[in-house]
Amino acid sequence: MSLDFDTLNEIAEQCLERPSDAMFWDDRLFTTHGAMFHWAELGDDLLEESNYLSALELIKGAAGDDADEHVIDGTSRHWACGSLRTIYVQVYADNVMRCRDCGDVATCIAKRRKRDRRRFYCALHGEQWVEAMRYWNLSAAPLENYRAEFTPAFKEAAEILVGLRDYPIVDESDYSEREWNAYEETLKEAVEHAQGEYVLLDSDEEAEAIARRFYEDEGNAHRQSWYRAEEVDWEVVAEEYAEARDAYFLERAYEVYRWNVLGYNPNQLELDFAV
C-alpha cells in the first residue's frame with residue numbers, strides 16, 4: 001500500500017494534535033512525534049496486544065538505523081488500565097522546511113518576482129505575506145505548494161493504520177501464536193487446579209503421569225473443540241482429569257493383580273527352549 005500525500009498529511013495533522021489536558025516530560029511528543037497506536041496492557045485484549053507489538057516491529061524496521069530517534073515506545077500509568085503504551089513516530093524528515101514566522105511545517109513557498117530567493121511559510125503566514133506584498137505594491141509570484149517529506153517510519157505507521165480500517169489484524173501469524181499460547185496457558189492452569197483436589201493423595205510422579213494421560217486423550221474436549229483461552233471450561237477439565245486419574249489407578253491396580261494373582265512379572269527374563 002502506498003498512501004498519497006493528502007492522506008499522509010491528514011493523518012499527520014491528527015496524530016500531532018496535542019491533547020488539551022495532557023502533560024508530557026518529553027518535548028518531542030506532539031511536536032515532532034505523533035501518537036499512532038495505543039495498548040493498555042491490563043485492559044485490552046490479545047488482539048490489541050498483537051497489533052501493537054507487530055506494528056512496533058514493522059515501524060522500527062521501516063525506520064532502520066533511525067529507529068531509536070524516529071520511534072518512541074512510550075509508557076504511562078493509569079489506575080484504571082495499568083500501563084498504557086503508545087507508539088510515537090517522528091512525522092517529518094529532519095530536513096523538512098518550516099515556516100519562517102511560526103516554526104510550523106511549511107506548506108507553501110513565497111517568491112518575489114524576478115528574484116530567486118524563496119521563503120517558506122505555513123498557510124496562514126503565506127497569505128499574510130501575499131497581503132503585505134499587495135499593501136506595499138510589490139510584485140510577488142503566486143504561492144507555490146510545498147510538500148513536506150515524511151519519515152519512512154511515519155509512512156509505515158500510516159499504512160498500518162489505514163489497513164486496520166479494512167482488516168483488524170496487523171499480523172495473523174503473530175496473533176494466532178499468541179492466541180494459542182494463551183489457550184495452552186489457560187488449559188495448564190485448569191489442569192493444575194484440578195490436580196489440587198488430589199494434592200494429598202497423589203505423588204508428583206503420579207500427578208504428572210495422570211496429566212500426560214489427560215492431555216493425550218483424543219476424546220477430551222481440549223482435543224475436540226477448544227482452541228481459544230476463553231473456551232476452556234474448568235469444570236469440564238476437572239471432570240476429565242478425574243476420569244484420567246481413575247483410568248490411571250485402575251491400570252495400576254490391574255498390574256498389581258496380574259503380578260500377585262496371575263504371577264505375571266513384566267521384567268521376568270523369558271528364554272526360548274528348542275523342543
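**Figure 1. Glu206 and its salt bridge to Arg252 in the predicted model.** In this predicted model, Glu206 has a relative accessibility of 16% and therefore counts as buried, because buried means under 20%. Its partner Arg252, at 40% relative accessibility, counts as partly exposed. Arg252 and Glu206 form a salt bridge in which the closest N and O atoms are 3.7 Å apart. The pair links distant parts of the chain, since Arg252 belongs to helix α9 (residues 234–260) and Glu206 to helix α7 (residues 204–216), with their positions 46 residues apart in the numbering.

**Figure 2. Helix α7, its buried residues and a salt bridge within the helix.** The 13 residues of α7 should span 18 Å at 1.5 Å a residue, and the end C-alpha atoms of the helix are 18 Å apart, which agrees. Glu206, Ala207, Ala209, Ile210, Ala211 and Phe214 are the buried residues of this helix. A salt bridge also joins Arg212 to Glu208, with 3.8 Å between the closest N and O atoms. Both of these residues, Arg212 and Glu208, lie in helix α7, four residues apart, which is about one turn of the helix. An α-helix has 3.6 residues a turn, so residues three or four places apart point the same way. Arg212 counts as partly exposed at 43% relative accessibility, whereas Glu208 is exposed, with a relative accessible area of 52%.

**Figure 3. The salt bridge between Glu41 and Arg85.** A search of the whole structure finds 14 salt bridges, and one of them is formed by Glu41 and Arg85, whose closest N and O atoms are 3.6 Å apart. This pair links distant parts of the chain: Glu41 is in the loop between β1 (33–40) and α2 (46–63), while Arg85 is in strand β3 (residues 82–90), and the two are 44 residues apart. Glu41 counts as partly exposed, at 33% relative accessibility, but Arg85 counts as buried, at 15%.

**Figure 4. A nonpolar surface patch around Trp136, and the neighbouring residue in the sequence, Asn137.** Together, Tyr135, Trp136 and Leu138 form a nonpolar patch on the surface, and their accessible area adds up to about 410 Å². Trp136 lies in the loop between α4 (123–135) and β6 (144–145), and at 60% relative accessibility this residue counts as exposed. Asn137 is found in the loop between α4 and β6 as well, and Asn137 is exposed, with a relative accessible area of 71%. The backbone of Asn137 also deserves attention, for this residue has a positive phi of about 55 degrees although it is not a glycine. Most residues other than glycine have a negative phi.

**Figure 5. Phe30, a residue with positive phi in the loop between α1 and β1.** Phe30 has a positive phi of about 60 degrees, although Phe30 is not a glycine. The residue is found in the loop between α1 and β1. Is Phe30 buried or exposed? With a relative accessible area of 13%, Phe30 is buried, because the cut-off for a buried residue is under 20%.

**Figure 6. A patch of negative charge that includes Asp246.** On the surface, Asp217, Asp233, Glu235, Glu239, Glu243 and Asp246 gather in a patch of negative charge. Asp246, one of these residues, is found in helix α9. With a relative accessible area of 52%, Asp246 is exposed, because exposed means over 50%.

**Figure 7. Helix α5 and the approach of Ala158 to Ile11.** At 1.5 Å a residue, the 15 residues of helix α5 (residues 152–166) should span 21 Å, and the end C-alpha atoms of this helix are 22 Å apart, which agrees. Within α5, the residues Ala153, Phe154, Ala157, Ala158, Ile160 and Val162 are buried. Ile11, which lies in helix α1 (residues 5–15), is buried too, with a relative accessible area of 4%. Although Ile11 and Ala158 are 147 residues apart along the chain, their C-alpha atoms are separated by 7.0 Å.

Methods. Residues numbered from 1 in each chain as written. Predicted model: local features only at pLDDT ≥ 70, side-chain atom pairs only at ≥ 80, totals over all residues. Heavy atoms only, no water. Salt bridge = Lys/Arg side-chain N within 4 Å of Asp/Glu carboxyl O. Buried < 20%, exposed > 50% of the residue type's maximum accessible area, 1.4 Å probe, protein only. Patch = residues over 30% accessible without salt bridge, like charges linked within 9 Å, V, L, I, M, F, W, Y side chains within 5 Å. Areas by Shrake-Rupley, 256 points an atom, 1.4 Å probe, with all protein chains shown as cover. Lys, Arg positive; Asp, Glu negative; His and termini not counted. Charge placed at Lys NZ, Arg CZ, Asp CG, Glu CD. Expected span 1.5 Å × (residues − 1).
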